[in-house]
Amino acid sequence: MIYNWKKIVRYGLPLLTLAVIIELFVGQLLHQGEEMLIEQLSIFFISIPVINSVGGNIGSLLGARLASGLHVGSIQINFKDKRMHEQLITSIMMGLITYLFLAIVIYSIGLFSITKMQITFIPFLLVILATGTVLVCAISVISVFTAFISFKKGIDPDDVVAPVVTTLGDILGIIFLFVFIGVGI
Amino acid sequence: MIAKEMLKQSLPLLLLCGIGGIFAGNILGLMSSLFQTIPGLIVVIPGIIALRGNISTAFGSRLGSAYHLGVINAENIWNNELKQNIIGSIVLSFIVSLLIGVLSYITTILFFDITPNPYQIIGIVLLAGMLSAVLLTTLTIGIIYLVFRRGYDPDNITGPALATVGDIITMLCIFGSALFIEVI
């Protein structure tokens with residue numbers, strides 16, 4: 001038998017505990033902004049899961065590709081690696097396209113589901129695009145660093161990159177969103 | 001060349017996951033009034049979503065590896081390897097849910113001058129955590145079974161599939177648990 005539930009719990013618990021503690025800070029940030037988000041800017045409130053899931057997915061995707069590249073040897077641990085650059089830039093580009101498309105969908109749904117829309121489309125789109133762009137850039141860079149460092153230390157990047165980028169992505173996503181809401185409105 | 005391949009294979013999945021996020025966001029919007037009647041409830045949301053995402057993705061990817069190692073397949077899926085994985089995921093969900101409940105209660109008192117009802121908050125997190133654990137574990141096994149039957153590589157399917165439906169199911173579990181605990 002390969003798997004044993006006690007081992008699964010023992011190996012899983014430390015990283016999960018750390019992730020949950022960071023997520024509690026995300027929760028407290030939301031708590032801090034609760035009044036503004038729920039009463040005044042609910043369109044941004046319903047955008048939060050989208051911002052975070054797209055960011056986390058792009059980071060995990062890039063991480064998985066880098067991990068395979070490092071394992072196979074087509075990518076070297078070098079910040080000037082051309083293949084790495086190309087994947088990094090493509091990830092950021094995909095992020096922009098995705099956020100643009102989803103912002104339009106969210107706003108269209110919001111027009112029906114939110115009784116009093118508190119913001120017009122252009123400022124909403126700009127805040128989401130600014131948040132998304134900065135978030136995807138940050139997450140992609142974190143993904144490259146995490147993949148390189150873990151691989152160098154002999155740890156499989158496949159095990160590390162996804163939890164690291166999704167957790168850090170959640171906290172950065174909320175912070176960037178609050179910053180750009182503050183700047184834009 | 002890489003760019004073209006990445007765009008073709010990954011962009012549709014990203015957009016699909018984003019649509020899943022929109023559903024999750026709208027459930028969050030529906031819960032707005034509950035956040036006002038149950039102080040501290042908003043704090044547990046990111047924790048439960050992250051817990052669910054991490055545990056079920058790891059469960060899915062272990063089953064993928066188990067398939068590649070030849071220990072489970074379409075004819076022999078309900079065996080001891082799978083059972084150990086299920087018990088592991090459920091136990092982890094229980095411990096970490098309890099942790100989220102207790103820590104949210106403590107940090108809310110520390111950071112804000114609000115004292116949530118500890119039984120209410122911990123009850124909601126435990127109920128939502130266990131409910132989503134059972135639902136998503138069952139769903140993952142279902143997906144894996146279908147993927148085996150069709151002969152696809154589970155590594156390419158389970159991750160995105162769980163990312164898309166996982167958040168929606170988890171949000172529904174939190175919503176349901178909060179409504180239930182608020183009533184009793």
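H4(A) and H1(B) cross in a right-handed sense. In this predicted model, the axes of the two helices, H4 (residues 82-113) of chain A and H1 of chain B, come within 9 Å and meet at roughly 35°. The contact of H4(A) with H1(B) is built from 15 nonpolar, 8 polar and 2 charged residues.

That crossing belongs to a wider contact between the chains, to which chain A and chain B each bring 53 residues. On the side of chain B that touches chain A, two or more residues come from each of helices H1 (2-30), H2 (32-37), H3 (41-69), H4 (80-111) and H6 (154-183). H1(B) supplies the largest share of that side, with 18 residues. By residue type, the side of chain B that touches chain A splits into 33 nonpolar, 18 polar and 2 charged.

Chain B itself is a helical affair, with 6 helices and 0 strands, so its pattern along the sequence reads α-α-α-α-α-α. Its C-alpha trace spans about 55 × 40 × 25 Å along the principal axes. Of the 184 residues in chain B, 44% are buried. As for how the chain folds back on itself, take the contacts in chain B with a separation of 6 or more: 80% of them link residues 24 or more positions apart.

H3(B) deserves a closer look. This helix has 29 residues, which at 1.5 Å a residue should span 42 Å, and because its end C-alpha atoms do lie 42 Å apart, expectation and model agree. H3(B) is also mostly covered, with 22 of its 29 residues buried. Right after the helix comes Gly70(B), with a positive phi near 85°.

H3(B) turns up again in the nonpolar interior. The largest nonpolar core counts 94 residues, and the ones with the most contacts inside it are Val20(A), Ile48(B) and Ile100(B). H3(B) gives the most to this core, at 14 residues. Ile48(B) shows what such a position looks like up close: setting aside neighbours within four places in sequence, Ile48(B) is in contact with Ile100(B), Val125(B), Ala128(B), Gly129(B), Thr170(B) and Ile174(B). One of these partners, Ile100(B), is itself among the residues with the most contacts inside the core.

Methods
Residues numbered from 1 in each chain as written. Chains lettered and ligands numbered in written order. Predicted model: local features only at pLDDT ≥ 70, side-chain atom pairs only at ≥ 80, totals over all residues. Contact = placed C-beta atoms within 7 Å. Helix = DSSP H or I, 4+ residues; strand = E, 2+ residues; numbered from the N terminus. Nonpolar A, V, L, I, M, F, W, Y, C, P; charged D, E, K, R; others polar. Expected span 1.5 Å × (residues − 1). Buried ≥ 20, exposed ≤ 12 C-beta atoms within 10 Å, placed from the backbone. Axes fitted to C-alpha atoms, helices over the stretch in contact; angles between N-to-C directions. Left-handed = near helix turned anticlockwise from the far one by under 90°. Core = buried A, V, L, I, M, F, W, Y, C linked by C-beta atoms within 7 Å.
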